[in-house]
Amino acid sequence: MIHEHYGLVVSQALYFLDDSNFDDYIQAGSIGLLKAIRNHNKDKAKFSTFAAVCIKNEMKNLNKKLKNHRSKNFTNTRRQDRQYNIKDALSDCLPDFLSEEYRFIISLRVQNYTNAEIADFIGCSKKEVKEKISLIIKILKEHNK
């Protein structure tokens, strides 16, 4: 039955011919064909009609998974690029005499971390972080005079 109805799989996969994952659509369609063979009821519908629906559904599921995966990768890549650009920009702008801890605190604040999150990173209280940020601002103001 698989060999007889393989044309259904290929015909449905042709809708995704431009996609770089064409072989994956063929595989998903084959899985849909196997499900159709397993679940077909002769009394309810013609096999080819039922199989076409099963094949199409498997391909749609794959397409949805691939879109979600691409979207997540794009978002993660943009976030990583943004963080990389922030670190580069910061390293160029900050004076050399600032300690590594102060540089770290500034980089976290620029990335929108809260004082509580920064306190967790460096192992101190929120109040100490607030004081350190105030001190950093004071140092930078004095340096720019």
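What is the mean pLDDT of the protein chain? The answer opens this short tour.

## Confidence in the model

The mean is 82, and 82% of the residues in the protein chain reach 70 or more. Here pLDDT is the predictor's confidence in each residue, on a scale from 0 to 100. This is a predicted model, in which local features need pLDDT of at least 70 and side-chain atom pairs count only at pLDDT 80 or more, while totals for chains, interfaces and linings use all residues. Residues are numbered from 1 along each chain as its sequence is written, and side-chain values use heavy atoms, with hydrogens and water left out.

Confidence is not even along the protein chain. Helix α2 (residues 22-39) has the highest mean, 92, whereas helix α3 (residues 47-93) has the lowest, 74.

## The overall plan

Let us start with the parts list. The protein chain has six helices and zero strands, so from the N terminus on its elements read α-α-α-α-α-α. Helices (H or I, at least four residues) and strands (E, at least two) are DSSP runs, numbered from the N terminus.

Of the 145 residues in the protein chain, 29% are buried. Buried means under 20% relative accessible area, exposed means over 50%, and partly exposed lies in between, all with a 1.4 Å probe and protein chains only. Among contacts between residues at least 6 apart in sequence, 52% join residues at least 24 apart. A contact means heavy atoms within 4.5 Å.

## Two nonpolar cores

A nonpolar core is a set of buried Ala, Val, Leu, Ile, Met, Phe, Trp, Tyr and Cys residues joined through side-chain atoms within 4.5 Å. The largest one here has 16 residues, and Val9, Ala13, Tyr25, Leu33 and Met59 have the most contacts inside it. Helices α1 (6-13), α2 and α3 each supply at least two residues of this core. Its largest share, seven residues, comes from α3.

Another core lies apart from that one. This one has 12 residues, including Ile105, Leu108, Ile118 and Ile133.

## How α1 meets α2

Two packed helices are described by the angle between their axes and the distance between the axes. Axes are lines fitted to C-alpha atoms, for helices over the stretch in contact, and angles run from 0 to 180 degrees between N-to-C directions. For α1 and α2, the angle is about 140° and the axes are 9 Å apart. That makes α1 oblique to α2, given that angles under 35 degrees count as roughly parallel, over 145 as roughly antiparallel, 65 to 115 as roughly perpendicular and the rest as oblique.

The crossing of α1 past α2 is right-handed. A crossing is right-handed if the near helix is turned clockwise from the far one by less than a right angle, and left-handed if anticlockwise. On the α1 side the contact is made by Tyr6, Val9, Val10 and Ala13, and on the α2 side by Phe22, Tyr25, Ile26, Gly29, Ser30 and Leu33.

## Two buried residues to find

His5 is placed in the segment before α1. With 17% relative accessibility, His5 counts as buried. Not counting residues up to four places away in sequence, His5 touches Leu33 and Phe47.

Glu58 lies in helix α3 and, at 16% relative accessibility, counts as buried. Leaving aside neighbours within four places in sequence, Glu58 is in contact with Ala28, Ile31, Gly32 and Lys35.

## Towards the C terminus

Helix α5 (residues 115-122) and helix α6 (residues 126-144) pack at an angle of about 100°, with their axes 8 Å apart. That makes α5 roughly perpendicular to α6. Asn115, Ala116, Ile118, Ala119 and Ile122 of α5 make the contact with Lys126, Val129, Lys130, Lys132 and Ile133 of α6. Glu128 lies in α6 and is partly exposed, with a relative accessible area of 37%. From Glu128 to Asn115 is 13 residues in sequence and 9.2 Å in space, C-alpha to C-alpha.

Glu101 is found in helix α4 and is partly exposed, at 33% relative accessibility. Leaving aside neighbours within four places in sequence, Glu101 is in contact with Ile122 and Lys132. The C-alpha atoms of Glu101 and Ile122 are separated by 8.2 Å, with their places 21 residues apart along the chain. Ser99 sits in the loop between α3 and α4 (100-110) and is also partly exposed, at 33% relative accessibility.
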